[in-house]
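Biologist: Could you take me through one part of this model up close, and then show me what else is worth a look? I'd like to follow along on screen.

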Amino acid sequence: MATGRTHRPATRSRGIPEATVARLPLYLRALTALSERSVPTVSSEELAAAAGVNSAKLRKDFSYLGSYGTRGVGYDVEYLVYQISRELGLTQDWPVVIVGIGNLGAALANYGGFASRGFRVAALIDADPAMAGKPVAGIPVQHTDDLEKIIEDNGVSIGVIATPAGAAQQVCDRLVAAGVSSILNFAPTVLSVPDGVDVRKVDLSIELQILAFHEQRKAGEEAEAAGPDGSGPVAAARKESAEQGPDGDVPAVMPA
């Protein structure tokens, strides 16, 4: 079976925009759900709705893959699953190491979705000597002293960092020096990497802060609409509209 060290996805050489690449996993997730329900074909409108994008953007994205669908029929679900999986590099084996086996690292190790999507957790690594040898998700934890050898022996090109922020950059530097060229960073810090190394950052606290911003804005809009006594500009406009007749200049109900 091919490994991640010897095979790279073809997206860059084919000129697929990064924004399109970022949406391909959304399409694949929606298509996989359809495949599991034995749905043979899907329209661009149905698939776009399932993926949370508009249909015009979906059709444009698929044009980069050379897939245009059939008018009146739609897209072949199984073929698209294969096509997108191949484009994302998921038709081959990608060995992954997870560094930092605390609560988050252990949860990632136990995540069953990696294997079904083409990723094999090759090793779990932690700096705590007391963790060495302990099995997590059936995989014995190894010490960071052996990081470089582990990466070489397993042909690893993707590393996951789930360490505290203070240790993340040092771990990143060692991963890169050992040959890792793609990093998924869960540590709450920004990593500095050389050209040719891709980093994807996952920060749950930032996502929650963004949601908090939207909640605060919605609450502010509702308060402004209501006013201190329910007579804000929006409420007043609604009251005025209710009092006007169909032509907007006389009451809808005239007194007897």
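Modeller: Sure, with one term up front: two strands pair if DSSP finds at least two bridges between them. Bear in mind that this is a predicted model.

Let's start with strand β8, residues 182–185. On one side β8 pairs with β7 (residues 158–161), in the parallel sense and over four bridges. To find that pairing on screen, look for Ile161, which sits opposite Asn185 of β8. Strand β9, residues 198–201, also runs parallel to β8, and four bridges join the two. Here, Ser182 has Asp198 in β9 as its bridge partner. Now add helix α8 (residues 165–177): together with β7 and β8 it makes a right-handed β-α-β unit.

Now scroll back to the helices earlier in the chain. The largest nonpolar core has 21 residues, and those touching the most other members are Tyr27, Leu31, Val42, Leu47, Leu58, Phe62 and Ile84. Helices α1, α2, α3 and α4 each supply at least two residues of this core, and α1 gives the most, with seven. Leu47 is a handy residue to click on: leaving aside residues up to four places away in sequence, its contacts include Tyr27, Leu58, Phe62 and Leu80. There is also a second, separate core of 20 residues, with Val171, Ala178, Ile183 and Leu191 among them.

One last stop is Asp61, in helix α3. Asp61 is buried, at a relative accessible area of 1%. Beyond residues up to four places away in sequence, Asp61 touches Thr20, Arg23 and Tyr27. Its C-alpha atom is 8.5 Å from that of Val21, although the two residues are 40 apart along the chain.

Methods: Residues are numbered from 1 along each chain as its sequence is written. This is a predicted model: local features need pLDDT of at least 70, side-chain atom pairs count only at pLDDT 80 or more; totals for chains, interfaces and linings use all residues. Side-chain values use heavy atoms; hydrogens and water are left out. A crossover is right-handed if, with the strands pointing away from the viewer, the path from the first strand over the helix to the second runs clockwise. Buried means under 20% relative accessible area, exposed over 50%, partly exposed in between (1.4 Å probe, protein chains only). Contact means heavy atoms within 4.5 Å. A nonpolar core is a set of buried Ala, Val, Leu, Ile, Met, Phe, Trp, Tyr and Cys residues joined through side-chain atoms within 4.5 Å.
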